[in-house]
Amino acid sequence: LAPNSGIAQTPAQAPTGIDVIMNYAGTWKVHGERFLTAYSQPSKEDKTLRNDCWKSGAYVACNQIVDGESKTLLVFTYDDKQKMYTSYPIPQNGDPVSSGRLQIIGNVWTFPWQVTQGETTIYFHVVNVFTGTDHIDYAQEFSTDNVHWTAMAKGSETKTGN
C-alpha cells in the first residue's frame, strides 16, 4: 500500500496460544554436549531434528524425526487460564502415554518434570531460549531443591529448513 492511502496497516502479530508451538516446526541442526553428573554421561550431540508439525483445531501435533528416523509423535494442548501447555509424547512402540508440561514466557520455553524416589525428589528441566526464529540455545539441568541447578547438557539448534 502506498503511504497515506487511507487504509490502516497493522503490524504482523506474533502467534499466541497453541499457535506458538508452530515456531518449532521445521528442520534443525542440533549441536551440543552432555556432562558427567549423577544423571548424565558425557557425550557430544550432532544430529538433524525435523519437527513435522500440523495444527488441527486446538491441537498441534509434531512427528519428531531424528536423523531421518521417526521417533515420537508429540501432541500439544494449551490451557489459557493457567497459561500452560501440556505435551503428550506418543512412542512408536506403543508404550503408555504420559504427559509433560511446557511453560512459555516470551522467548523462553521450559519443560519441567520431577522424579521422586522414596523421600527424595529430584527436579529436572529443559530450557530452550529462542534467540531468533531460526536459533535456539538449550540447557538440560537438575536440582535437589528446585532453586540451584546443575547442568547436564547444553547446546544450540539452528533452523535449516521447513
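1. Start with Phe76. Skipping its neighbours within four places in sequence, you'll find Phe76 in contact (heavy atoms within 4.5 Å) with Ile18, Ile21, Ala58, Tyr59, Val60, Cys62, Thr86, Ser87, Leu102 and Phe111.

2. A quick word on what you're looking at: this is a predicted model, where local features need pLDDT of at least 70, side-chain atom pairs count only at pLDDT 80 or more, and totals for chains, interfaces and linings use all residues. Residues are numbered from 1 along each chain as its sequence is written, and side-chain values use heavy atoms, with hydrogens and water left out.

3. Now the largest nonpolar core (buried Ala, Val, Leu, Ile, Met, Phe, Trp, Tyr and Cys residues joined through side-chain atoms within 4.5 Å). It has 21 residues, and those touching the most other members are Ile21, Tyr24, Phe76, Tyr85, Leu102, Ile104 and Trp109. At least two core residues come from each of β1 (26-34), β2 (43-56), β3 (59-66), β4 (69-79), β6 (100-105) and β9 (135-143). The top giver is β3, with three residues. Strands here are DSSP runs of E, at least two residues, numbered from the N terminus.

4. Next, the cysteines. There is one disulfide (a pair of cysteine sulfur atoms within 2.5 Å) by this rule. The bond joins Cys53 to Cys62, S to S 2.1 Å, and is right-handed, with 110° about the S-S bond.

5. Are these two cysteines buried or exposed? Buried means under 20% relative accessible area, exposed over 50%, and partly exposed in between (1.4 Å probe, protein chains only). Cys53 is buried because its relative accessible area is 12%, and Cys62 counts as buried at 2%.

Terms used: Helices (H or I, at least four residues) and strands (E, at least two) are DSSP runs, numbered from the N terminus.
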